[in-house]
Amino acid sequence: MTSPVIAFKQECQANIAKMTEDEKVQKLSREWICESAKYKYSYNLSWMGRPIIQYPQDIIAMQEILWQVKPDLIIETGIAHGGSLIFSASMLELIGGDGQVLGIDIDIREHNRAEIEKHPMFRRITMVEGSSVDENIAAQVFDFAKRKKNILVCLDSCTPTSMC
Ligand SMILES: C[S@@+](CC[C@H](N)C(=O)[O-])C[C@H]1O[C@@H](n2cnc3c(N)ncnc32)[C@H](O)[C@@H]1O
């Protein structure tokens with residue numbers, strides 16, 4: 001007999017599969033993203049006091065991935081105000097162990113750097129300023145990561161062309 005834990009998981013997966021086939025839900029989702037983007041909706045959220053430029057769904061999805069993967073290093077391109085770095089560091093704090101976050105941004109604004117550096121989660125964070133596609137920056141990242149075993153990379157330094 002299927003355990004209730006597995007049955008619940010299967011029910012959710014079946015619902016997700018059905019929803020991905022539902023064109024009305026897709027259209028409404030796209031419309032909502034496009035309409036809310038006019039007001040820079042994703043800029044309105046924060047994580048532990050720092051602005052995080054993410055949609056709530058994506059934050060939850062990252063939480064699910066991080067809990068599953070339990071990385072010992074998270075490499076993130078695109079720091080901005082630091083919210084996603086703080087989020088990743090806080091997840092590593094909850095997971096336990098000594099996981100670290102390495103953030104890379106082409107332009108770390110002084111006021112953002114200061115706020116990130118005084119945050120309680122900063123003890124798990126290292127920041128590098130430079131382009132994520134610069135070979136020297138890539139070499140620094142390789143060096144930082146060389147003793148890590150389970151690395152998760154999150155690329156958020158590219159502004160996508162509009163889907164709206
Ligand atoms: C959408 S924001 C990042 C948001 C952040 N991850 C968060 O969730 O709060 C994109 C950032 O990418 C940075 N960026 C743009 N081009 C870059 C590059 N070539 N290398 C590194 N960072 C870059 C920008 O300076 C900006 O701060």
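## Notes on a predicted protein–ligand model

1. From the N terminus on, the elements run α-α-β-β-α-β-α-β-α-β-α-β, which comes to six helices and six strands. Helices here are DSSP runs of H or I with at least four residues, strands are runs of E with at least two, and both are numbered from the N terminus. Please keep in mind that this is a predicted model: local features need pLDDT of at least 70, side-chain atom pairs count only at pLDDT 80 or more, and totals for chains, interfaces and linings use all residues. Residues are numbered from 1 along each chain as its sequence is written.

2. On overall layout, the C-alpha atoms fill a box of roughly 50 × 45 × 30 Å, taken along the principal axes. The domain assignment, which is automatic or taken from a database, gives domain 1 (4-39) and domain 2 (45-155). The C-alpha centres of domain 1 and domain 2 lie 27 Å apart.

3. How much of the protein counts as buried? Of its 164 residues, 21% do. A residue is called buried if 20 or more other C-beta atoms lie within 10 Å of its own, exposed if 12 or fewer do, and partly exposed in between, with C-beta atoms placed from the backbone. As for contacts (C-beta atoms, placed from the backbone, within 7 Å), 74% of those between residues at least 6 apart in sequence join residues at least 24 apart.

4. Helix α1 (residues 4-20) is worth a look on its own. The number of buried residues among its 17 is zero, so α1 lies largely in the open. Its length holds up too: at 1.5 Å a residue α1 should span 24 Å, and its end C-alpha atoms are 24 Å apart, which agrees. The expected span of a helix is 1.5 Å times one less than its number of residues.

5. Helix α4 (83-95) makes a good contrast. Among its buried residues are G83, S84, L85, F87 and M91. The helix has 13 residues and reaches 18 Å from its first C-alpha to its last, close to the 18 Å expected at 1.5 Å a residue. G96 follows α4 and has a positive phi, near 95°.

6. What about the largest nonpolar core? A core of this kind is a set of buried Ala, Val, Leu, Ile, Met, Phe, Trp, Tyr and Cys residues joined through C-beta atoms within 7 Å. This one has 21 residues, of which L85, I86, A89, V101 and I125 touch the most other members. Two or more residues each come from β3 (73-77), α4 and β4, and α4 gives the most, with six.

7. Two of those core residues deserve a closer look. I86 is found in helix α4 and is buried, with 27 other C-beta atoms within 10 Å. Leaving out residues up to four places away in sequence, I86 touches W47, M48, R50, H119 and M121. The C-alpha atoms of I86 and S46, 40 residues apart along the chain, are separated by 9.8 Å. V101, on the same basis of leaving out residues up to four places away, touches I74, E76, L85, S88, A89, L92, R124 and I125.

8. Which residues are closest to the ligand? They are G78, A80, S84, S132 and S157, from a shell of 19 residues. A residue belongs to that shell if its C-beta atom, placed from the backbone, lies within 6 Å of the molecule. Helix α4 and strand β4 (100-105) each supply at least two residues of the shell. By class, the shell has seven nonpolar, nine polar and three charged residues. For that count, Ala, Val, Leu, Ile, Met, Phe, Trp, Tyr, Cys and Pro are nonpolar, Asp, Glu, Lys and Arg are charged, and the others, Gly among them, are polar.

9. Two loop residues have backbone angles you may want to inspect. K40, in the loop between α2 (23-37) and β1 (46-47), has a positive phi of about 50° although it is not a glycine. K40 counts as exposed, with 9 C-beta neighbours inside 10 Å. M48, in the loop between β1 and β2 (50-51), has a positive phi near 50° and is likewise a residue other than glycine. M48 is partly exposed, with 14 other C-beta atoms within 10 Å.

10. Finally, a tryptophan. Is W67, found in helix α3 (residues 56-69), buried or exposed? It counts as exposed, with 11 C-beta neighbours inside 10 Å. The C-alpha atoms of W67 and S46, 21 residues apart along the chain, are separated by 20 Å.

Key: Two residues are in contact if their C-beta atoms, placed from the backbone, lie within 7 Å.
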